[in-house]
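Q: Give me a close look at one part of this model, a pocket and its surroundings. Keep it informal, but spell out the cut-offs.

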Amino acid sequence: MHTSITVDEACELSKRKAAVVFLDVREPDECEVISIEGSLFMPLGNLVEEFNSLKLEKDKTIICVCRSGRRSSIAAEFLRSQGLNALNLEGGMRDWAKHRHAEGLINGEDYKKISAFLGQH
């Protein structure tokens with residue numbers, strides 16, 4: 001059973017309109033700088049307590065996202081324990097931003113700001 005997914009694989013699933021939900025488990029201030037369009041948001045610290053409010057469907061793949069992949073790995077593990085098909089986005093928003101920049105979807109100036117915020121070099 002897979003427990004993680006690369007940014008390339010996640011983008012491909014999203015483009016194919018697959019049954020995918022992105023769950024961003026970062027803190028609210030982190031989501032203001034960059035986020036994945038259409039994502040659900042639930043900080044990792046609130047996930048266990050507020051899990052039911054998300055109303056996640058068992059027939060969808062939940063891709064958990066954070067800055068680098070650490071918190072989202074914990075979130076994906078929890079969601080799998082609840083019977084959901086959950087994956088961790090490898091490299092988190094750091095890799096997502098790199099990918100979007102490479103695709104020309106984030107311009108150079110914005111990418112510099114995002115990279116600085118995400119702690120990329």
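A: Ser-14, Lys-17, Ala-18, Val-20, Val-21, Phe-22, Ile-36, Glu-37, Gly-38, Ser-39 and Leu-40 line the second largest pocket. A pocket here is an open set of 1 Å grid points that take a 1.4 Å probe, with protein on both sides within 12 Å along at least five of seven lines, and lining residues have an atom within 4 Å of a point. This is a predicted model, with local features needing pLDDT of at least 70 and side-chain atom pairs 80 or more, while totals for chains, interfaces and linings use all residues. Numbering runs from 1 along each chain as its sequence is written, and side-chain values use heavy atoms, without hydrogens and water.

The volume of this second pocket comes to about 180 Å³, counted as the space filled by probe spheres on the points. β2 is its top contributor, with three residues; strands are DSSP E runs of at least two residues, helices H or I runs of at least four. By class, the lining splits into six nonpolar, three polar and two charged residues.

Ser-14, Phe-22, Ile-36 and Glu-37 also turn up in the lining of the largest pocket, whose volume is about 220 Å³. Other residues lining the largest pocket include Cys-11, Lys-15, Ile-34, Trp-96 and Arg-100. Two elements, α1 and α5, give two or more residues to that lining, and α1 gives the most, with three. Its classes are seven nonpolar, two polar and three charged.

Now follow Phe-22 inward. Phe-22 is among the residues that touch the most other members of the largest nonpolar core, along with Ile-34, Ile-63, Leu-89 and Trp-96, out of 20 residues in that core. Such a core joins buried nonpolar residues (under 20% relative accessible area) through side-chain atoms within 4.5 Å. At least two residues each come from α1, β2, β4, β5, α5 and α6, with α1 giving the most, four. Val-21, another lining residue of the second pocket, belongs to a second, separate core of 17 residues, which also includes Met-42, Cys-66 and Ala-75.

Val-20, Val-21 and Phe-22 are all touched by Ile-63, contact being heavy atoms within 4.5 Å.

Trp-96 leads on to α5 (residues 92-102), where the buried residues are Gly-92, Met-93, Trp-96, Ala-97 and His-99. They sit on the same side of α5 because they cover an arc of only 165 degrees around the axis, taken from the directions to the C-beta atoms. Their cover includes α1 (7-15), β2 (20-24), β4 (61-65), β5 (85-89) and α6 (108-118).

Definitions and conventions:
Buried < 20%, exposed > 50% of the residue type's maximum accessible area, 1.4 Å probe, protein only. Nonpolar A, V, L, I, M, F, W, Y, C, P; charged D, E, K, R; others polar. Lists of a residue's contacts leave out its neighbours within four places in sequence.
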